[in-house]
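Please go through this structure with me, from its loops to its core. The report below takes it piece by piece.

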Amino acid sequence: MTDIKNGVPPIKKSGIIPDAGKAPDADKAPDADKAPDAPEVKPGDELLEHIANLMEPYLAAYPDNKEFYITTDNQVFLAQNKNDAENHQYSLDKEKPYTYTVEG
């Protein structure tokens, strides 16, 4: 499983929901199909989800790349392009890009 530095959760792959489109069973309680309450959103959760969604196609396209650099304008750079990522980020706000490390 992929684990990411800086507390970013692993990316969950989307898929087809089994039994989608089937009528609910008659013997279920009326509230059984009710969606659960949304979990409390903690500060930073939206950013972590954004990063996970942003990285999904890059992880699929570059499975051997173990480090990526993300700039504040959402550009993603591969490990071998670290200098380009730093120069690009510096041109935006004089900071360093976010490092996304794939462990395992």
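Lys 94 sits in the loop between α2 and β4. The model is a predicted one. Lys 94 is not a glycine, yet its phi is positive, about 60 degrees. Most residues other than glycine have a negative phi. Lys 94 follows helix α2. With 55% relative accessibility, Lys 94 counts as exposed, because the cut-off for exposed is over 50%.

Asn 74 also has a positive phi, near 70 degrees, and is likewise not a glycine. Asn 74 belongs to the loop between β2 and β3. Its relative accessibility is 36%, so Asn 74 counts as partly exposed.

**Overall layout**

The protein has two helices and four strands. Along the sequence they come in the order β-α-β-β-α-β. The chain has 104 residues, and 21% of them count as buried. The accessible surface comes to about 8000 Å². Carbon and sulfur atoms hold 53% of that surface. Now take the contacts in the protein with a separation of 6 or more: residues 24 or more positions apart account for 49% of them.

**The two helices**

How do the end-to-end spans compare with what 1.5 Å a residue predicts for α1 and for α2? The table sets them out.

| Helix | Residues | Number of residues | Expected span | C-alpha distance between ends |
|---|---|---|---|---|
| α1 | 45-61 | 17 residues | 24 Å | 25 Å |
| α2 | 82-93 | 12 residues | 16 Å | 17 Å |

The two values agree for α1. They agree for α2 as well.

Helix α1 has a bend. The bend is about 35 degrees and falls at Met 55. A proline, Pro 57, follows within four residues.

Which residues of α1 are buried? They are Ile 51, Ala 52, Leu 54, Met 55 and Leu 59. An α-helix has 3.6 residues a turn, so residues three or four places apart point the same way. The cover over the buried residues of α1 includes three strands: β2 (67-70), β3 (76-78) and β4 (98-103).

Helix α2 contains Gln 89. Is Gln 89 buried or exposed? Its relative accessibility is 1%, so Gln 89 counts as buried. Leaving aside neighbours within four places in sequence, Gln 89 is in contact with Ile 70, Thr 71 and Thr 72. On the same terms, Gln 89 also contacts Lys 94, Glu 95, Lys 96 and Pro 97. Lys 94, one of these partners, is the loop residue with the positive phi described above. The C-alpha atoms of Gln 89 and Asp 73 are separated by 8.4 Å. Those two residues are 16 residues apart along the chain.

**The nonpolar core**

In soluble globular proteins, nonpolar side chains tend to be buried together. Which residues make up the largest nonpolar core here? There are 10: Ile 51, Leu 54, Met 55, Leu 59, Phe 68, Ile 70, Val 76, Leu 78, Tyr 100 and Val 102. At least two residues of this core come from each of α1, β2, β3 and β4. Helix α1 gives the largest share, four residues. Met 55 is a core member and also the site of the α1 bend.

**Phe 68 and its aromatic partner**

A pair of aromatic rings is described by the distance of the centres and the angle of the planes. The structure holds one aromatic pair. Phe 68 and Tyr 100 form it, edge-to-face, with 6.3 Å centre to centre and 75 degrees between the planes. The pair links distant parts of the chain: Phe 68 in strand β2 and Tyr 100 in strand β4 are 32 residues apart. Phe 68 and Tyr 100 are both buried.

How accessible is Phe 68? Its relative accessibility is 0%, so Phe 68 counts as buried. Not counting residues up to four places away in sequence, Phe 68 touches residues including Met 55, Tyr 58, Leu 59 and Tyr 62. Counted in that way, its contacts also include Val 76, Phe 77 and Leu 78. Tyr 98, Thr 99, Tyr 100 and Val 102 are among them too. The C-alpha atoms of Phe 68 and Asn 81 are separated by 8.7 Å, with the two residues 13 residues apart along the chain.

Methods: Residues are numbered from 1 along each chain as its sequence is written. This is a predicted model: local features need pLDDT of at least 70, side-chain atom pairs count only at pLDDT 80 or more; totals for chains, interfaces and linings use all residues. Side-chain values use heavy atoms; hydrogens and water are left out. The expected span of a helix is 1.5 Å times one less than its number of residues. The bend at a residue is the angle between axes fitted to the seven residues ending there and the seven starting there. Buried means under 20% relative accessible area, exposed over 50%, partly exposed in between (1.4 Å probe, protein chains only). Contact means heavy atoms within 4.5 Å. Accessible areas come from the Shrake-Rupley method with a 1.4 Å probe; for residues, only the protein chains shown count as cover. A nonpolar core is a set of buried Ala, Val, Leu, Ile, Met, Phe, Trp, Tyr and Cys residues joined through side-chain atoms within 4.5 Å. Rings of Phe, Tyr and Trp (its six-membered ring) pair if their centres lie within 6.5 Å; planes under 30 degrees apart count as stacked, over 60 as edge-to-face and the rest as tilted.
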